Each structure stands twice: as structure tokens, then as C-alpha cells.
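The exercises below concern aromatic rings and their surroundings, and each task is followed by a solution that goes step by step.

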Amino acid sequence: MTVSSADNSVDTRSDLSRLAPLEAVLFDVDGTLCDSDPLHHYAFREMLQEINFNGGVPITEEFFIQNIAGKHNEDIAKLLFPNDISQGLKFVDDKEAVFRKLASEKLNAINGLYKLKKWIEDRGLKRAAVTNAPRPNAELMISLLGLSEFFDAVILGDDCEHAKPHPEPYLKALEVLKVSKDHTFICEDSVSGIKAGVAAGMPVVGLTTRNPEHLLMEAKPAFLIKNYDDPKLWTALEELDKKEGAEKPTA
């Protein structure tokens with residue numbers, strides 16, 4: 001079970017310790033591994049302004065968060081170009097090329113990411129990236145972050161019949177890794193992604209990278225953290241370690 005959306009001061013000890021023995025950790029990419037949303041927002045804002053979208057008035061960060069962040073490109077194309085989906089699909093493809101150029105120059109990992117990476121590696125856990133990003137974006141970001149060898153699998157929304165917020169991408173990750181939802185947790189930063197993880201039956205650690213806390217809590221994450229250095233995360237992981245140690249049979 002996840003906590004009520006009305007309670008953001010949850011007791012994290014019970015949220016992850018029930019997963020012992022932990023088998024896997026699943027990660028979104030944009031906004032979860034790296035702070036990429038400002039680059040996406042910039043690319044969309046500049047390119048939409050060039051074609052006089054919204055009368056040439058630049059889209060706001062609020063518009064970006066509510067309508068674009070975390071969503072699959074096909075859904076974005078339909079929203080921005082409801083009367084010409086083919087134009088919308090071409091637009092988002094062109095926008096991704098702009099994003100990749102920006103990412104190559106300015107992409108930064110979320111604080112504490114490599115500390116969590118070491119924790120996962122030290123325990124021999126399986127791991128997958130699960131993202132609505134197109135393959136060229138996902139592969140570039142993972143490579144720029146030095147995580148190409150870290151992930152056992154990369155699951156794309158494009159590889160599934162349904163992208164997030166549908167649970168299918170996360171369910172596919174479980175299948176590929178051959179792990180149980182009862183021994184896996186997810187890291188996500190968007191409403192769309194948190195909904196997908198919760199619908200797939202796993203606790204989701206939500207990151208408040210760019211999206212407002214009240215919106216994220218409505219999607220029912222297990223708890224929210226600022227980044228991977230957040231003490232709330234490490235308290236939860238320590239409790240999980242303690243429970244796992246207590247459950248191991250003695251020689």
C-alpha cells in the first residue's frame with residue numbers, strides 16, 4: 001500500500017522494508033536520473049514560439065509541467081497539434097534533436113545518484129531504466145551519465161502497446177529482469193510516471209526535481225525526496241537492510 005496523498009510526512013521505514021529481500025530498482029530517466037526538464041522546456045518554448053503557437057506567447061513552466069513533462073511524444077503531439085497529428089509528430093522529432101544538442105552540453109545528474117548507484121551495485125540488485133523518452137534520447141542521457149553498463153535493461157514507451165501513465169512499461173521491466181513486484185521499488189519524478197508505477201503494484205519514491213509536491217502526492221508515491229542525498233531515502237534503505245539481515249537464515 002502507498003500512503004494517502006494527504007500525508008507527506010510518512011514513516012518511510014514501513015514503505016520499503018516490506019520489499020525485503022529486495023531484488024531490483026527501476027528508474028525513470030528524465031528528471032529522475034538527470035535534471036533534463038529545463039532543457040526540454042527551453043526547446044519546446046523556443047520552437048513553439050517560432051511557429052506562433054499560442055499567438056507567439058512563450059509557454060510557461062506551469063504549462064510545460066501540466067501538459068508535457070513525463071508524457072509520451074505521441075500524446076504531446078496530439079495535445080499541441082490536435083488538428084494535424086503528422087505535423088505534431090514531426091515537430092516533436094525536431095524538438096528532440098534540439099534537446100539532444102542541449103543535453104550533450106548541459107546535462108547534470110541528480111544529486112546523490114552515484115551514491116544510490118553504489119548502494120545498488122554493492123547489493124547485486126537488478127536495475128532497469130523505464131522511460132517514455134525516444135530511444136536516441138534515452139541512450140544519450142544514460143551514456144552521458146556514465147550508466148550504460150549499469151542498467152540491465154532499458155524499457156521504452158515505444159516498445160510497449162501503452163506508454164506511461166499505463167503500467168505496461170513497468171510490468172515489462174519486471175518480466176525482462178525476471179523479478180517480482182513485491183521485491184522491487186521505482187524512482188520517478190512525474191505524475192505520469194508515479195501513476196504508472198503505482199498501477200503496476202510497486203512503491204514509488206517520488207523526486208521533487210521540478211514538479212510541484214502537491215501534484216506528485218496526488219499520484220500516491222510511497223514518499224517524496226528532494227534528491228538521492230535526502231535522509232528520508234537513506235532511512236528507508238537502512239530499515240530495508242535491517243529487515244533483510246534479520247530474515248537471512250543463520251548457518
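**Exercise 1.** In this predicted model, does phenylalanine 151 count as buried or exposed?

*Solution.* Buried means under 20% relative accessible area. Phenylalanine 151 has 9% relative accessibility, and therefore it counts as buried.

**Exercise 2.** Determine the geometry of the aromatic pair that phenylalanine 27 and phenylalanine 151 form, and locate both residues along the chain.

*Solution.* The structure holds eight aromatic pairs. In the pair of phenylalanine 27 and phenylalanine 151, the rings lie 6.0 Å centre to centre with 70 degrees between the planes; since planes over 60 degrees apart count as edge-to-face, that is the class of this pair. Phenylalanine 27 belongs to strand 1 (residues 24-27), whereas phenylalanine 151 lies in the loop between helix 7 (135-144) and strand 3 (153-156), so that the pair links distant parts of the chain, 124 residues apart. Phenylalanine 27, at 1% relative accessibility, counts as buried.

**Exercise 3.** Treat the pair of phenylalanine 44 and phenylalanine 64 in the manner of the preceding exercise.

*Solution.* The centres are 6.5 Å apart and the planes make 50 degrees, which is a tilted arrangement. Phenylalanine 44 is in helix 2 (residues 37-50) and phenylalanine 64 in helix 3 (residues 61-67), 20 residues apart. Phenylalanine 44 counts as buried because its relative accessibility is 1%, and phenylalanine 64 counts as buried at 3%.

**Exercise 4.** Which residues do ring pairs link into a cluster, and over which ring does the charged end of lysine 115 sit?

*Solution.* The cluster consists of Phe27, Phe150, Phe151 and Tyr228. The charged end of lysine 115 sits over the ring of tryptophan 234, 4.4 Å from its centre.

Technical notes. Residues are numbered from 1 along each chain as its sequence is written. This is a predicted model: local features need pLDDT of at least 70, side-chain atom pairs count only at pLDDT 80 or more; totals for chains, interfaces and linings use all residues. Side-chain values use heavy atoms; hydrogens and water are left out. Rings of Phe, Tyr and Trp (its six-membered ring) pair if their centres lie within 6.5 Å; planes under 30 degrees apart count as stacked, over 60 as edge-to-face and the rest as tilted. Helices (H or I, at least four residues) and strands (E, at least two) are DSSP runs, numbered from the N terminus. Buried means under 20% relative accessible area, exposed over 50%, partly exposed in between (1.4 Å probe, protein chains only). A charge sits over a ring if NZ of Lys or CZ of Arg is within 6 Å of the ring centre and within 35 degrees of the ring normal.
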